[in-house]
Amino acid sequence: MSILVDKNTKLVVQGITGREGAFHATRNKAYGTNVVAGVTPGKAGQDVEGIPVFNTVRDAVEETGANTAMVFVPPRFATDALYEAIESGVELIICITEGIPAHDMMQVYTHLRRGSQTLIGPNCPGIISPGRASVGIMPTQVFNPGRVGLVSRSGTLTYQISKELAVLGIGQSSVVGIGGDPVVGSSFIDIVTRFDADPETDLIVMVGEIGGNEEEKAAEFIAANVSTPVVSYIAGFQAPPGKQMGHAGAIITGSSGTAQGKKEALEAKGVRVGTNPTEVAQFAQEALAAL
Amino acid sequence: MALPSGGANCLVTTSQGRRLDLFEYQGKQLFARHGIPVPSGEVADTPEAARAAAERIGGKVVVKAQVQIGGRGKAGGIQLADTPEEAEAHARNILGMDIRGHIVHTVWVEAASEIVKEYYASVTFDRSEKKPLVMLSAAGGMDIEEVARTQPEALATVHIDPLTGFQAHHARWLVYHAGIDAEAQGGVVKILQQLYQAFTDLDTMLVEINPLIWTAAGDVVALDAKVTIDNNALFRHPDLLELQQSVTEDPQERLAQEKGVTYVKLDGDVGILGNGAGLVMSTLDVVALAGGRPANFLDAGGGSKADEVVAALEVLLSDPKVKVLLINIFGGITRCDEVAKGLLTALDKLGATLPIVVRLDGTNEDEGRRIIAEQAPANVVVEPTMLSAAQRAVELAKGV
């Protein structure tokens with residue numbers, strides 16, 4: 001098994017006729033993902049490398065039975081695209097777009113969480129279940145089928161760590177980039193929960209970075225609820241403590257958001273934290289060997 | 001280490017979309033447009049202009065340094081003036097002052113207020129709850145983090161559903177629970193509503209008033225203004241775009257701002273260019289673990305095209321402290337061949353001779369490596385892994 005995307009995924013790509021949308025939709029299809037439709041308003045009837053284009057997501061879903069939407073729409077139109085995807089009824093929405101205003105995402109998030117659909121992103125690299133499906137912009141050659149579930153806030157760091165795992169002969173059940181924005185549809189906790197329930201995931205690698213307190217919350221959650229072993233990496237130890245304007249932020253989280261603080265929170269709950277991508281891959285290897 | 005340019009929380013913001021911090025006077029001007037009472041005032045960038053402003057305002061005035069850092073009062077950056085002459089003298093002292101690394105270029109001259117009580121009010125984006133959070137306290141005028149720690153009961157807070165917004169009952173709940181004086185409650189309720197409106201209308205991440213004062217005349221007035229705008233939303237605020245001004249004294253950070261490059265100066269000698277905030281932060285960490293000192297954080301971003309790589313390299317190569325460049329790219333949406341082409345173009349244009357260590361992986365990696373192998377000058381070396389590239393760069397920086 002795997003999580004979120006697999007052979008049952010039927011993907012509609014919103015913004016498929018744009019430069020990046022066309023490039024990555026085509027690559028996803030070439031990887032074996034079932035890309036059933038694209039959407040660009042006003043371009044119904046065209047096709048991108050054989051993928052039929054529709055005017056609206058609803059049309060695409062009705063015609064093709066798409067169950068997953070990928071949003072590749074520029075930021076000023078992406079909020080609308082997200083609501084359109086939600087209203088089309090697809091189970092899973094993956095938003096690659098970077099630069100969506102935080103106020104828009106607060107509203108999208110609140111709306112979405114009242115229903116049962118899943119949003120990954122925005123500002124994320126997507127999801128790959130190696131050998132089954134790739135939805136997003138990840139360079140597929142660094143991923144191999146295997147039994148590690150990888151979840152990360154950072155796109156390029158995800159590739160780096162997957163490459164380090166590949167060097168050690170370790171593959172992944174699924175790799176999920178949850179996105180780097182302050183408001184993303186799915187948290188570490190959401191994805192860790194899915195991996196924990198996946199019988200083909202033996203180990204979870206969680207890749208965090210400075211800012212916010214999602215890693216700290218995940219540490220608590222893992223200790224209380226997760227039976228699958230977890231190892232972690234946090235980026236940003238060399239980030240200088242910045243000036244902060246106003247003081248409201250620090251009061252709320254009660255967390256410094258530093259890499260050191262996150263590392264300590266995770267280690268306090270028994271999660272090993274590597275100091276660099278190579279070391280976390282070694283920790284993963286050791287954890288798998290101990291199973 | 002050097003402080004980064006613009007943006008609360010520095011590097012944190014590079015992975016969150018940049019934020020635009022406004023000066024007090026800009027915040028107050030926006031507050032005034034949203035109906036929030038502020039003392040009348042004027043901006044001045046010379047002592048003479050401060051005097052003229054004080055004459056127009058009339059009576060006692062306060063001359064306030066405009067810098068985006070706390071502790072101005074303690075540093076002598078806020079002075080009361082009884083006369084226009086005094087205002088001029090204070091402005092002469094304050095302008096050019098260095099407040100914790102921030103040079104004062106502007107003062108705000110405003111009518112002095114007679115303060116009866118100082119309160120605190122803010123609306124901020126609560127990243128953990130993914131909702132706006134409104135906070136109110138009767139213990140204003142001091143460090144609000146200290147208040148939260150020592151007398152949490154003095155701080156009333158309420159989360160707002162972003163779909164239904166701030167209602168009058170939220171404001172009433174806050175004033176009753178924050179212990180706002182009965183005579184001031186009406187004014188505070190009104191300001192909270194306007195403050196929330198400003199928070200959403202302006203796409204801010206933070207609007208904070210500390211102190212919010214209750215005056216002898218019975219008015220409730222914002223005596224300070226901290227406003228942070230979400231840069232991702234600037235496309236729908238062309239008027240705010242004009243406020244986006246250079247606040248940094250550092251030549252590389254200024255150049256980076258002009259070129260739209262996400263750059264933060266650090267104090268080492270290994271110049272770093274990478275793509276994606278997480279990978280760049282990790283690169284800094286790995287350079288430090290290898291015994292080196294990163295000169296900067298530079299995220300060329302997703303989808304880096306050749307032009308963007310050229311702009312990024314221009315910023316890095318303009319820093320005389322940089323002894324070696326480390327280019328660490330893992331292509332996803334970024335294509336390695338574009339990075340390689342950008343590097344060649346930049347070297348052609350800038351003629352750099354310092355050692356450059358390149359690591360390319362990911363989308364179109366073979367093409368990227370081929371371009372460098374065939375066309376790059378001898379000072380460019382390619383390393384197969386991030387770790388080996390960092391080690392090589394550190395050795396070269398140390399002259400090994």
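Analyst: Two strands count as paired if DSSP finds at least two bridges between them. With that in hand, the sheet in chain A of this predicted model can be read.

User: In what order do the seven strands of the open sheet in chain A lie?

Analyst: The order is E9-E8-E11-E10-E12-E13-E14, and the pairing is mixed. Strand E9 (133-136) and strand E14 (272-274) of chain A are the edge strands, since each pairs on one side only. From one strand to the next, the twist averages 20°.

User: How many bridges join E10 to E12 in chain A?

Analyst: Five bridges join strand E10 (residues 145-152) of chain A to strand E12 (residues 203-209) of chain A, and the two strands run parallel. One residue to locate is Leu150(A), whose bridge partner in E12(A) is Val205(A).

User: Which strands does helix H5 of chain A touch where it packs on the sheet?

Analyst: Helix H5 (residues 155-167) of chain A touches E10, strand E11 (172-177), E12 and strand E13 (230-235) of chain A. The direction of H5(A) makes about 150° with that of E10(A).

User: Next, the domains. How is chain A divided?

Analyst: Chain A has domain 1 (11-120) and domain 2 (126-289). Their C-alpha centres lie 25 Å apart. The contact takes 18 residues from domain 1 of chain A and 15 residues from domain 2 of chain A.

User: Which elements of domain 1 of chain A each supply at least two residues of the side that touches domain 2 of chain A?

Analyst: They are helix H1 (19-31), strand E5 (68-71), helix H4 (102-113) and strand E7 (118-120) of chain A. H4(A) gives the largest share, five residues. By class, this side of domain 1 of chain A has 12 nonpolar, six polar and no charged residues.

User: How are two packed helices described?

Analyst: By the angle between their axes and the distance between the axes. In chain B, helix H12 (residues 336-350) and helix H13 (residues 365-375) pack at an angle of about 25°, with their axes 6 Å apart. Angles under 35 degrees count as roughly parallel, so H12(B) is roughly parallel to H13(B). H12(B) contributes Cys336(B), Asp337(B), Val339(B), Ala340(B), Lys341(B) and Leu344(B) to the contact. From H13(B) come Glu365(B), Glu367(B), Gly368(B), Ile371(B), Ile372(B) and Gln375(B). This contact has six nonpolar, two polar and four charged residues.

User: At what angle do H10 and H14 of chain B cross?

Analyst: The axes of helix H10 (residues 277-289) of chain B and helix H14 (residues 386-397) of chain B cross at roughly 55° and come within 9 Å. That makes H10(B) oblique to H14(B). The crossing of H10(B) and H14(B) is right-handed. Thr283(B), Val286(B) and Val287(B) of H10(B) meet Met386(B), Leu387(B), Ala390(B), Ala393(B) and Val394(B) of H14(B). Seven nonpolar, one polar and no charged residues make up the contact of H10(B) with H14(B).

User: What sign of phi do most residues other than glycine have, and are most peptide bonds cis or trans?

Analyst: Most such residues have a negative phi, and most peptide bonds are trans. Glu49(A) has a positive phi, near 50°. Glu49(A) sits in the loop between strand E3 (47-48) and strand E4 (51-54) of chain A. A cis peptide bond, with omega about 10°, joins Gly121(A) and Pro122(A). Pro122(A) is in the loop between E7 and strand E8 (126-129) of chain A. In chain B, a cis peptide bond joins Asn210(B) and Pro211(B), with omega about 10°. Pro211(B) belongs to strand E11 (residues 204-215) of chain B.

Conventions. Residues numbered from 1 in each chain as written. Chains lettered and ligands numbered in written order. Predicted model: local features only at pLDDT ≥ 70, side-chain atom pairs only at ≥ 80, totals over all residues. Axes fitted to C-alpha atoms, helices over the stretch in contact; angles between N-to-C directions. Helix = DSSP H or I, 4+ residues; strand = E, 2+ residues; numbered from the N terminus. Parallel < 35°, antiparallel > 145°, perpendicular 65-115°, else oblique. Contact = placed C-beta atoms within 7 Å. Nonpolar A, V, L, I, M, F, W, Y, C, P; charged D, E, K, R; others polar. Left-handed = near helix turned anticlockwise from the far one by under 90°. Domains from an automatic or database assignment.
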